[in-house]
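Please open the structure in a viewer and keep the sequence panel visible. The tour begins at the ligand and then moves to a sheet.

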Amino acid sequence: MTRIIDGNEIADRITADLEPCLETLADAGVTPGLATVLMSDDGASETYVSMKRQACADLGIESIHHELEPDAAADALFDRIDELNADPSVHGILVQLPVPDHVERRAVLERIDPLKDVDGFHPENVGRLVTGNPRFKPCTPHGIQKLLEAEDVETAGKDVVVVGRSNIVGKPLANLLIQKADDGNATVTICHSRTEDLAEKTRRADIVVAAAGVPELVDGSMIGEGATVIDVGVNRVDADTEKGYELVGDVEFDSASRVADAITPVPGGVGPLTITMLLYNTITAASLQTDVDVSLP
Ligand code: NDP
């Protein structure tokens with residue numbers, strides 16, 4: 001029987017484990033604050049930000065929201081980041097990506113104070129992660145590690161294929177999984193759009209992570225018997241639904257779930273963990289900035 005991994009349930013458990021951390025901070029007079037900055041009128045980005053804000057509110061993290069017009073000058077965004085960097089009530093800053101084309105993404109990520117960089121995308125935090133001393137693990141890769149741990153999927157000595165090499169998912173996940181650490185020690189292959197014979201690589205893997213942003217790219221014929229399949233993809237495809245679309249992963253669920261040992265669904269797999277690990281990182285940031293020790297799960 002293939003196990004359908006319930007990301008919501010795992011995320012709820014981790015969130016419950018975060019509550020004592022908030023109590024410790026509250027006892028010291030600290031309420032963690034997360035600032036979200038949206039410079040886009042894209043519906044998906046708006047939805048992601050409102051989900052993150054709701055999750056903060058549910059747990060007792062203060063959510064501070066800022067919006068800029070998509071055609072505002074890049075300097076308006078940089079000035080806003082500077083203000084948030086200087087505000088002691090803001091412990092974490094998240095600029096929802098993508099930013100408009102006239103704003104250089106790299107400059108945005110470098111502008112955020114590394115101690116408030118709860119996405120973990122600042123070069124200083126990337127460097128720390130690669131060298132095995134992470135401050136903030138990027139939320140989606142960290143969530144995938146937590147998900148594998150919760151499902152007792154061993155990574156040590158296993159062959160992992162990550163399809164996708166973005167700075168947000170593919171690269172940081174690969175870097176985490178090769179670390180000499182209990183939740184690492186894997187042998188990782190990173191695939192991308194120029195990879196030849198993707199199926200030959202995914203078929204050999206004990207764990208396949210699909211993060212390509214291509215609907216149903218990985219089907220059952222590309223999965224080895226008994227593999228664990230983690231589907232990161234969230235793709236809107238036209239459908240005869242009220243909203244006019246439905247969400248589809250990067251894995252063809254029906255065929256892959258006939259071969260896999262365990263598989264994440266879309267939605268309800270990786271997505272909930274991404275949000276939970278943002279809360280985790282915001283609490284980490286508050287702890288680091290106030291010198292209040294918390295025992296993170
Ligand atoms: P990017 O577009 O930044 O990166 C996609 C990667 O996939 C690139 O490295 C690209 O290769 C590779 N790729 C594209 N097509 C193929 C192909 N046919 N074969 C092999 N590799 C391919 O996407 P992100 O990493 O930001 O996101 C990936 C997916 O995950 C998206 O669907 C996104 O919505 C979703 N996502 C979900 C999250 C969640 O919480 N569930 C969080 C973040 C993202 P190349 O580098 O050569 O272009």
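Select threonine 274 together with the ligand: an N or O atom in the side chain of threonine 274 is 2.7 Å from an oxygen atom of the ligand, a polar contact (a pair of N or O atoms within 3.5 Å). The protein covers 68% of the 930 Å² of accessible area that the ligand has on its own, with areas from the Shrake-Rupley method and a 1.4 Å probe. The model is predicted: local features need pLDDT of at least 70 and side-chain atom pairs pLDDT 80 or more, whereas totals for chains, interfaces and linings use all residues. Residues are numbered from 1 along each chain as its sequence is written, and side-chain values use heavy atoms, without hydrogens and water.

Next, select arginine 165, which places a polar side-chain atom 2.7 Å from an oxygen atom of the ligand. At valine 232, the atom to display is a backbone N or O, 3.4 Å from a nitrogen atom of the ligand.

Now widen the selection to the residues with a heavy atom within 4 Å of the ligand. This shell holds 19 residues, and the closest are Arg165, Ser166, Ser193, Val232 and Thr274. By class, 8 are nonpolar, 10 polar and 1 charged, with Gly counted among the polar residues.

Turn then to the open sheet, whose 6 strands run in the order E1-E11-E8-E7-E5-E6 with parallel pairing. Strands are DSSP runs of E with at least two residues, numbered from the N terminus; two of them pair if DSSP finds at least two bridges between them. Select residues 3-4 and 187-191 to see the edge strands, E1 and E6, each of which pairs on one side only. Strand E5 (residues 159-163) pairs with E6 in the parallel sense over 5 bridges. Finish at valine 162, whose bridge partner in E6 is isoleucine 190.

Conventions
A polar contact is a pair of N or O atoms within 3.5 Å; within protein, one must be able to donate a hydrogen and the other to accept it, and residues adjacent in sequence count only if both atoms are side-chain atoms. Helices (H or I, at least four residues) and strands (E, at least two) are DSSP runs, numbered from the N terminus.
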